[in-house]
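Please look through the structure below, and then follow the explanation that comes after it with the picture still in view.

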Amino acid sequence: MIEMRAFSFRYAGADRDALSNLNMTVDDGDFIGVIGPSGAGKTTLTQALSGLVPHRRSGDFFGSVTVNGLDTVNSSLTELALHVGSVFQDIDSQMIAGQVEDEILFGLENFGVDRAEIPRRVDKALADIGISPLRHRTIDSLSGGQKQKVAIAAILALRPKILVLDEPTGELDPGASEQIFRLLRRMNETHGMTVIVVEQKIMLLSAYAKKLAVLNDGVLELFGPVREVLRHSARLEEIGVHCPRVATLSNRLADLTGGALAVDLDEAEALVRGLLP
Ligand SMILES: Nc1ncnc2c1ncn2[C@@H]1O[C@H](COP(=O)(O)OP(=O)(O)O)[C@@H](O)[C@H]1O
Ligand SMILES: [Mg+2]
């Protein structure tokens with residue numbers, strides 16, 4: 001479980017909070033999509049969960065963030081990493097090894113995974129992400145999207161209880177993005193992994209996440225089940241988050257439909273057919 005209580009963070013030298021008075025509880029097994037315009041504080045939020053904020057970012061930290069009972073301020077990054085696996089927005093800063101296989105081995109060896117278990121974990125992680133053919137490639141020779149997949153594979157191999165990903169599909173085409181989200185759902189459903197993912201593609205988020213967290217100017221504006229958050233399409237557009245068109249349309253038709261909300265094409269079709277004579 002993750003708990004943020006009156007949590008604020010202001011980077012050293014900044015004149016306003018990057019995150020302001022956040023109160024948020026994330027239950028085990030939840031799947032949360034984080035959205036918000038650029039500069040809203042999404043990356044800062046993910047780094048507060050991995051402990052990089054405040055351990056590697058100087059600034060003023062108020063309130064508390066606890067992860068599986070560990071207070072992030074009083075716990076080491078290594079200790080926190082046993083609970084939270086993170087995929088960074090800046091993928092290059094995440095890569096440690098020169099070769100794909102070594103990148104995955106590195107984490108497994110450092111986290112004390114049983115030696116006999118390691119080869120199986122590497123095979124599985126590569127196959128799950130669909131990058132087995134890249135196994136012996138050098139990291140330098142990969143495209144941005146391929147690097148993203150390697151970073152995700154390396155973290156998944158560790159089987160963290162909580163997985164935090166900061167725009168993991170930024171360099172991926174729609175098909176590959178969908179593939180990553182299907183995998184996240186599988187990890188969430190079959191391993192009970194808690195997933196927190198920052199993502200710009202809101203259609204994708206709405207289809208896969210259970211809850212949405214909307215950040216704006218460091219403030220958690222909305223946080224709840226996907227459907228509840230998408231009801232606020234007017235507010236979302238105001239702060240620069242584009243809702244799925246079908247959700248916006250169904251919200252606009254609320255006077256005719258009694259407020260039924262469509263979040264995907266099938267639901268929109270049913271809604272429109274219901275309105276026709
Ligand atoms: N290392 C840093 N030093 C100072 N200010 C920062 C730093 N990183 C981010 N910020 C500021 O904190 C705010 C939130 O940034 P960030 O968490 O990166 O937002 P997002 O990921 O939503 O784009 C922004 O105003 C940004 O300029
Ligand atoms: Mg960011």
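In this predicted model, Asn-251 has a relative accessibility of 18%, and because buried means under 20% relative accessible area, Asn-251 counts as buried. Asn-251 belongs to helix α12, which runs over residues 245–252, and in that helix Val-246, Ala-247, Thr-248 and Ser-250 are buried along with Asn-251. The cover over the buried residues of α12 includes the helices α10 (226–230), α11 (233–238), α13 (254–257) and α14 (265–275). If residues up to four places away in sequence are left aside, Asn-251 touches Leu-230, Arg-231, Ser-233 and Leu-261. Between the C-alpha atoms of Asn-251 and Ser-38, which are 213 residues apart along the chain, the separation is 25 Å.

Ser-38 leads us to the next place to look, since it is one of the residues around ligand 1, a group that also includes Tyr-11, Arg-16, Pro-37, Lys-42 and Thr-44. Sorted by class, this shell holds 4 nonpolar, 5 polar and 2 charged residues, and helix α1 gives the most to it, with 3 residues. Several polar contacts can be picked out here: a backbone N or O atom of Gly-39 lies 2.7 Å from an oxygen atom of ligand 1, a backbone N or O atom of Gly-41 lies 3.0 Å from an oxygen atom of ligand 1, and an N or O atom in the side chain of Lys-42 is 2.8 Å from an oxygen atom of ligand 1. Taken alone, ligand 1 exposes 560 Å², of which the protein buries 61%.

Thr-43, also among the residues around ligand 1, takes part in a metal site as well, where the magnesium ion (ligand 2) is coordinated by Thr-43 through OG1 and by Gln-89 through OE1, at 2.0 to 2.3 Å. Thr-43 lies in helix α1 (residues 42–50), whereas Gln-89 lies in the loop between β6 (84–87) and α4 (91–94), so the pair ties together parts that are 46 residues apart in sequence. Thr-43 is partly exposed, with a relative accessible area of 26%, and Gln-89 is partly exposed too, with 38%.

Finally, consider Gln-148, which is placed in helix α7 (residues 144–156) and counts as buried, at 3% relative accessibility. The side chain of Gln-148 reaches the backbone nitrogen of Glu-171 at 3.0 Å. Leaving out residues up to four places away in sequence, the residues that Gln-148 touches include Ile-91, Glu-167, Pro-168 and Leu-172.

How values were computed:
Residues numbered from 1 in each chain as written. Chains lettered and ligands numbered in written order. Predicted model: local features only at pLDDT ≥ 70, side-chain atom pairs only at ≥ 80, totals over all residues. Heavy atoms only, no water. Helix = DSSP H or I, 4+ residues; strand = E, 2+ residues; numbered from the N terminus. Buried < 20%, exposed > 50% of the residue type's maximum accessible area, 1.4 Å probe, protein only. Contact = heavy atoms within 4.5 Å. Donors = N, O, S within 2.8 Å, 3.2 Å for Na, K, Ca; no water. Polar contact = N/O pair within 3.5 Å; in protein donor to acceptor, adjacent residues only side chain to side chain. Near = heavy atom within 4 Å. Areas by Shrake-Rupley, 256 points an atom, 1.4 Å probe, with all protein chains shown as cover. Nonpolar A, V, L, I, M, F, W, Y, C, P; charged D, E, K, R; others polar.
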